[in-house]
Amino acid sequence: HVAGNVWQWCRDWYDEDFYRKPAASVPNPVNHTPGHARSERGGSWVGPADLCRSSYRRGRAPDARGRCLGFRCVSSINDLG
């Protein structure tokens, strides 16, 4: 249910080459190096279908707003107890 609803903000900064760097080899990698754009994933209902997949990520200015941009709240399973 990630793909195709709205673009979802990620907690890391966008870097086109991040997944080619050693820091990306750990489980659940996060790019903590600030840049000009934050990461977003998932595509939206107003975009092309080939972008509507959770593995597709791109960058967007942190102050961006719009009808096709949102976020998903998550927690660890331990927080549900």
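A residue counts as buried when its relative accessible area is under 20% and as exposed when that area is over 50%, with partly exposed in between. Keep this at hand for the exercises below, which work through a predicted model.

**Exercise 1. Decide whether Asn28 is buried or exposed, and describe its backbone.**

Step 1: Locate the residue. Asn28 sits in the loop between β1 and β2.

Step 2: Apply the cut-off. The relative accessible area of Asn28 is 68%, so Asn28 is exposed.

Step 3: Look at the backbone. Asn28 has a phi near 50°, which is a positive value in a residue other than glycine.

**Exercise 2. Classify Ala37 and Cys73 as buried or exposed.**

Step 1: Place them both. Ala37 is in the loop between β1 and β2, while Cys73 belongs to the segment after β4 (69–70).

Step 2: Compare each value with the cut-offs. Ala37 has a relative accessible area of 16% and is therefore buried. Cys73, at 67%, is exposed.

Step 3: List what surrounds Ala37. Not counting residues up to four places away in sequence, Ala37 touches Trp13, Tyr14, Gly59, Arg60, Ala61 and Pro62.

Step 4: Set a distance beside Cys73. From C-alpha to C-alpha, Cys73 and Arg58 are 19 Å apart in space, with their positions 15 residues apart in sequence.

**Exercise 3. Find out what Asp15 contacts beyond its sequence neighbours.**

Step 1: Start with the location. Asp15 is another residue to look up in the loop between β1 and β2 (38–41).

Step 2: Leave aside the neighbours within four places in sequence. Asp15 is then in contact with Lys21, Asn31 and Arg57.

Step 3: Add two C-alpha separations. Asp15 and His36 are 21 residues apart along the chain and 9.2 Å apart by their C-alpha atoms. For Asp15 and Ala37, 22 residues apart along the chain, the C-alpha separation is 8.1 Å.

**Exercise 4. Describe the largest pocket: its space, its lining and the classes of its residues.**

Step 1: Begin with the volume. The largest pocket holds about 410 Å³ of space.

Step 2: Turn to the lining. The pocket is lined by 13 residues, and Trp9, Cys10, Arg11, Asp12 and Arg41 lie nearest its centre.

Step 3: Ask which element contributes the largest share of the lining. Strand β1 (residues 7–13) does, with five residues.

Step 4: Sort the lining by class. Six residues are nonpolar, three are polar and four are charged.

**Exercise 5. Name the members of the largest nonpolar core and follow one of them outward.**

Step 1: Recall a general tendency. In soluble globular proteins, nonpolar side chains tend to be buried together.

Step 2: Name the members. The largest nonpolar core has five residues: Trp7, Leu51, Ala64, Cys68 and Leu69.

Step 3: Follow Ala64. Apart from neighbours within four places in sequence, Ala64 is in contact with Trp9 and Leu69.

**Exercise 6. Summarise the protein as a whole, from its elements to its surface.**

Step 1: Count the elements. There are four strands and zero helices, and from the N terminus on they run β-β-β-β.

Step 2: Give the extent. The C-alpha trace spans about 35 × 35 × 25 Å along its principal axes.

Step 3: Consider burial. Of the protein's 81 residues, 28% count as buried.

Step 4: Check the contacts. Among contacts with a separation of 6 or more, 60% come from residues 24 or more positions apart.

Step 5: Finish at the surface. The protein exposes about 5900 Å², and carbon and sulfur atoms supply 53% of that area.

Conventions: Residues are numbered from 1 along each chain as its sequence is written. This is a predicted model: local features need pLDDT of at least 70, side-chain atom pairs count only at pLDDT 80 or more; totals for chains, interfaces and linings use all residues. Side-chain values use heavy atoms; hydrogens and water are left out. On a 1 Å grid over the protein atoms alone, a cavity is a set of points where a 1.4 Å probe fits but cannot get out, and a pocket is an open set with protein on both sides within 12 Å along at least five of seven lines; lining residues have an atom within 4 Å of a point. Grid points are joined across faces, edges and corners, and a volume is the space filled by probe spheres set on the points. Helices (H or I, at least four residues) and strands (E, at least two) are DSSP runs, numbered from the N terminus. Ala, Val, Leu, Ile, Met, Phe, Trp, Tyr, Cys and Pro count as nonpolar, Asp, Glu, Lys and Arg as charged, and the others, Gly among them, as polar. A nonpolar core is a set of buried Ala, Val, Leu, Ile, Met, Phe, Trp, Tyr and Cys residues joined through side-chain atoms within 4.5 Å. Buried means under 20% relative accessible area, exposed over 50%, partly exposed in between (1.4 Å probe, protein chains only). Contact means heavy atoms within 4.5 Å. Accessible areas come from the Shrake-Rupley method with a 1.4 Å probe; for residues, only the protein chains shown count as cover.
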